[in-house]
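Visitor: Could you walk me through this one? I would like to start with the charged side chains.

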Amino acid sequence: RLFCLLWFSAAAVLLDSPSKGDHIINMALSRTASSLGNLSIFTVLSSSYAAAPTTSTNNQCDVKSFQKVDCHQTSQDQCEAASCCWQSVSPNPGNEPWCYQKAGSAPTCSLGGHEAEPFSQDEMAEIGRLFAANLDVQNSGMVVAAQDHNTGPGGDYYFDWMRDGALSMNAFLETSSSFTSEVEQKMDHWLAWVERSYQQSDPHGDVMAEPKFLIPSGEPFPGGWCRPQTDGPGLRAITLMAYAKAKPAVGKQCWALVQKQLDWVAANYSSDGCDLWEEVHSGDFFWNRYTMRKALLQGADFAETVGQDVGRADSYKKTAQTITEALQQHVDPSGYVFESENRRLDTAVIEAFNVGDMADGTFAPLSKEVVTTLEALTGSFCNAFQVNQEAAAAKVAGVLYGRYPGDSYDGGNPWILLTASVATLLYRQSEVLAKGATVPADSAQILGSLLSQDVSAASLLAAGDTVLLRMKKFLTNGLHMNEQIDRNTGALTSAKDLTWNYANVLKAMKARQEAKAALGETRHQEVFIMM
């Protein structure tokens, strides 16, 4: 009876007062062990309970993993003495701080704002000029990552990365106002370079998985690097198919390359490789899987219409379906989409949402999974970067985004290309909503919190504007864009005139243009109905 009384009392009190509950539990363990002859199970239970590491149980310590703000204390005693919360995390692929501030201690960032065009037409023309200067360098058809031979920690960026080149040429084709002779010439030269690249002898193994090449010779980079990288062939295939659509005369020429690349993707989509940041190895990167899926689905149609190859089309569709099923495993229990098991929260996922979307409902822009990922990244980088905390404290809307929590490359800063990618997602959300998509209740609640206002096509477009305008504030060298913005001072840092930056800013503004058009049509319809 004493045993039951003490244990039920402990449970009841624990709910009301943890410290009193602890006392009663210890007393219950002691009395029970004594009355049962000090049986070992109770001795072990008692010692285990007493030795368990204490974790703050105050409601103020109930903070989502991606909203934790590091208190920079190295022990539990120091952490609690600093009035912070302590919770050990192991394993910790998301780099969560063990010692973090209590809920409400740090200013909260907002994406809410008013519509304001981030870049003028003249500014867009200048960005386009800076972008084009890095394409078809030395008339080689190659795309230089940055015309910067000494970036600091990254060293020389004067190389053609397979990934960057494919994404940049796709952006060039997509964002050009018309199919001019300049566009055609640069695309033709890039097509010739892709053909030439696969004729290279690669001392490291498979040239399909080679990350970067020397300019202008086209030889694979001879030094050590994070290899293999498996996302390039699929990204190249996507761009080649887009070019064949714009210029049907090169269809057969593109099909010969697309076939070669997608056969390789179908055979190697699950193989181990490096992430797009060239830092960690895995076989389950979301970025790779989602973009490969798009390449294969588009490739199936291309195989039928251009290649007249039904067998390959069926093979590509089957592999794409297998990848689609595997993608569902990337949803974290907390709801966001993670990049890989060893690199959880990563803005590469947002870039994947934009690059790999097929408008078929798989991670649609307003889905709970996509919106939760946006929430997680916004909360994480709001808290991690001083420039974001200062803006939040001053009630300035907009957030700068980095790669992943715990990033240390060149100090682990906001990246311009990723901040632009988030803006693109917000514009895409605005467009689909304006065109009649519905916002799931869970997504609406999250977005409403991020925007600090009602969710609408107009408020989402304004949110994209606040992100780009916040980024633009730190462009202190005209419209030249370095890879990163210092997390504390806001100074531009790392590689100068990064090509991927310009590609993503141009794509963001293209997405804004499409959202504005959709919003204009919606407003026109509303006026017509009212009349």
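Visitor: Is Arg293 buried or exposed?

Guide: Happy to help! This is a predicted model, where local features need pLDDT of at least 70, side-chain atom pairs count only at pLDDT 80 or more, and totals for chains, interfaces and linings use all residues. Residues are numbered from 1 along each chain as its sequence is written, and side-chain values use heavy atoms, with hydrogens and water left out. Buried means under 20% relative accessible area, exposed over 50% and partly exposed in between (1.4 Å probe, protein chains only). With a relative accessible area of 3%, Arg293 is buried.

Visitor: Which residue forms a salt bridge with Arg293?

Guide: A salt bridge here is a side-chain nitrogen of Lys or Arg within 4 Å of a carboxyl oxygen of Asp or Glu. For Arg293, the closest N and O atoms are 2.4 Å apart. The partner counts as partly exposed, at 38% relative accessibility. That partner is Asp360.

Visitor: How many residues apart in sequence are Arg428 and Asp357?

Guide: Their side chains meet in a salt bridge of 2.9 Å, N to O, and both Arg428 and Asp357 are buried. Arg428 sits in helix H15 (residues 416–434), while Asp357 is in the loop between H12 and H13; helices are DSSP runs (H or I, at least four residues), numbered from the N terminus. The pair links distant parts of the chain, and the separation is 71 residues.

Visitor: How many salt bridges does the structure hold?

Guide: Another one joins Arg344 and Asp332 at 2.6 Å, N to O. Arg344 and Asp332 are both buried. For the structure, the number of salt bridges is 23.

Notes:
Helix = DSSP H or I, 4+ residues; strand = E, 2+ residues; numbered from the N terminus.
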